[in-house]
Amino acid sequence: MKCCLVKWIIASTAPQGPDDISESELEMATVRHQPEGLDQLQTQTKFTRKELQSLYRGFKNECPSGLVDEETFKMIYSQFFPQGDATTYAHFLFNAFDTDRSGSIRFEDFVIGLSVLLRGSVNEKLRWAFNLYDINKDGYITKEEMLAIMTSIYDMMGRYTTPSVKDDAPFEHVEKFFQKMDKNRDGVVTFDEFIETCQKDDNIMSSMQLFENVI
């Protein structure tokens, strides 16, 4: 598992003796949010019990309250992308994980999202990506929404990357995407249009790797 969020969690894992975390520890009375049992999370994700234990241990060390807020996400991404400005991308990514719009992310939301991104099928990953691009969650992606996400990724990757990225690269990227995706030319991309285009176009699928590499 190699992604910023997993590296952050694993780096936070305190060495402990036995690998097993007891159910009683998993339901600590001191935290503001008590996560679901590991058995249930194992059925909801593609992580093994041992992986979930490791993720939970790191999560608990970093977030004793049992919840991650947006500032924590911004801190994580600024650490991994010091050459750029990760603030906006971290905001969009946080909103994609914060499925119930509560302003904080529970351990369950965190590992279920990670499971899709790291172990999910192509369809599951594309559904998650669509949700990220659909900023206002109305079921459509507008050109403005896609441009906002793309620009935030380029900003985070830094203006001094090699090879250098042109300032209008995000705009060109989005124009190309929309040309292919917006089949009926109504100015928005539906989920079906998004899935169909991505699955049929190798160039778009490889472009999506840029997105996968910055999770």
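Here, a residue counts as buried when its relative accessible area is under 20%. With that cut-off in hand, welcome to a set of close-ups of a predicted model.

**Figure 1. Asp 201 sits in the loop between helix 11 (191-200) and helix 12 (202-212).** Is this loop residue buried or exposed? Asp 201 has a relative accessible area of 15%, and because the cut-off is 20%, it is classed as buried. For a partner to look for in this view, try Lys 180: 21 residues separate it from Asp 201 in sequence, and their C-alpha atoms are 8.9 Å apart in space.

**Figure 2. The whole chain, for orientation, contains 12 helices and 4 strands.** Of its 215 residues, 46% are buried. The surface exposed by the chain comes to about 10,700 Å², with carbon and sulfur atoms supplying 51% of that area. If you follow the contacts between residues at least 6 apart in sequence, 66% of them join residues at least 24 apart. An unreviewed UniProt entry lists residues 85-120, 121-156 and 169-204 under "domain: EF-hand". Take two of these spans in turn. Residues 85-120 are 67% helix and 8% strand, with 28 Å between the end C-alpha atoms. Residues 121-156 are 72% helix and 8% strand, and here the end C-alpha atoms lie 27 Å apart.

**Figure 3. The largest nonpolar core brings together 55 residues.** Those with the most contacts inside this core are Leu 5, Phe 73, Tyr 77, Phe 97, Phe 110, Met 146 and Phe 194. Which helix gives the most to the core? That is helix 6 (residues 87-97), with 7 residues. Both domain 1 (48-119) and domain 2 (122-214) take part, each giving at least three residues. As background, nonpolar side chains in soluble globular proteins tend to be buried together.

**Figure 4. Met 146 is one of the buried residues of helix 9.** Beyond residues up to four places away in sequence, Met 146 touches Tyr 133, Ile 141, Val 174, Phe 177, Phe 178 and Met 181. Glu 145, Ile 149, Met 150, Ile 153, Tyr 154 and Met 156 are also among the buried residues of this helix. How does the length of helix 9 fit expectation, and what span should its 15 residues have? At 1.5 Å a residue they should cover 21 Å, and the end C-alpha atoms are indeed 21 Å apart, so the two values agree.

**Figure 5. Ser 152 lies in helix 9 (residues 143-157).** The relative accessible area of Ser 152 is 1%, so with a cut-off of 20% this residue counts as buried. Which residues does Ser 152 touch, leaving out those up to four places away in sequence? They are Asp 85, Thr 88, Tyr 89 and Phe 92.

**Figure 6. Arg 101 and Lys 137 each have a positive phi without being glycine.** For Arg 101, phi is near 55°. Arg 101 belongs to the loop between helix 6 and strand 2 (104-106), and is partly exposed at a relative accessible area of 45%. For Lys 137, phi is near 60°. Lys 137 belongs to the loop between helix 8 (122-133) and strand 3 (140-142), and is partly exposed at 28%.

**Figure 7. Asp 109 is a buried residue of helix 7 (residues 107-119).** Its relative accessible area is 9%. Setting aside neighbours within four places in sequence, Asp 109 is in contact with Phe 97 and Thr 99.

**Figure 8. Lys 7 is part of helix 1 (residues 4-11).** With a relative accessible area of 44%, Lys 7 is partly exposed. Look for Ile 76 in this view as well: it is 69 residues from Lys 7 along the chain, and 9.7 Å separates their C-alpha atoms.

**Figure 9. Helix 4 (residues 49-62) is made of 14 residues.** At 1.5 Å a residue, helix 4 should span 20 Å, and its end C-alpha atoms are 20 Å apart, so expectation and model agree. Which residues of helix 4 are buried? The list runs Leu 52, Gln 53, Leu 55, Tyr 56, Arg 57, Gly 58, Phe 59 and Lys 60.

Methods: Residues are numbered from 1 along each chain as its sequence is written. This is a predicted model: local features need pLDDT of at least 70, side-chain atom pairs count only at pLDDT 80 or more; totals for chains, interfaces and linings use all residues. Side-chain values use heavy atoms; hydrogens and water are left out. Helices (H or I, at least four residues) and strands (E, at least two) are DSSP runs, numbered from the N terminus. Buried means under 20% relative accessible area, exposed over 50%, partly exposed in between (1.4 Å probe, protein chains only). Contact means heavy atoms within 4.5 Å. Accessible areas come from the Shrake-Rupley method with a 1.4 Å probe; for residues, only the protein chains shown count as cover. UniProt positions are given in the numbering used here, feature names are shortened, and annotations may be inferred rather than shown by experiment. The expected span of a helix is 1.5 Å times one less than its number of residues. A nonpolar core is a set of buried Ala, Val, Leu, Ile, Met, Phe, Trp, Tyr and Cys residues joined through side-chain atoms within 4.5 Å. Domain bounds come from an automatic or database domain assignment.
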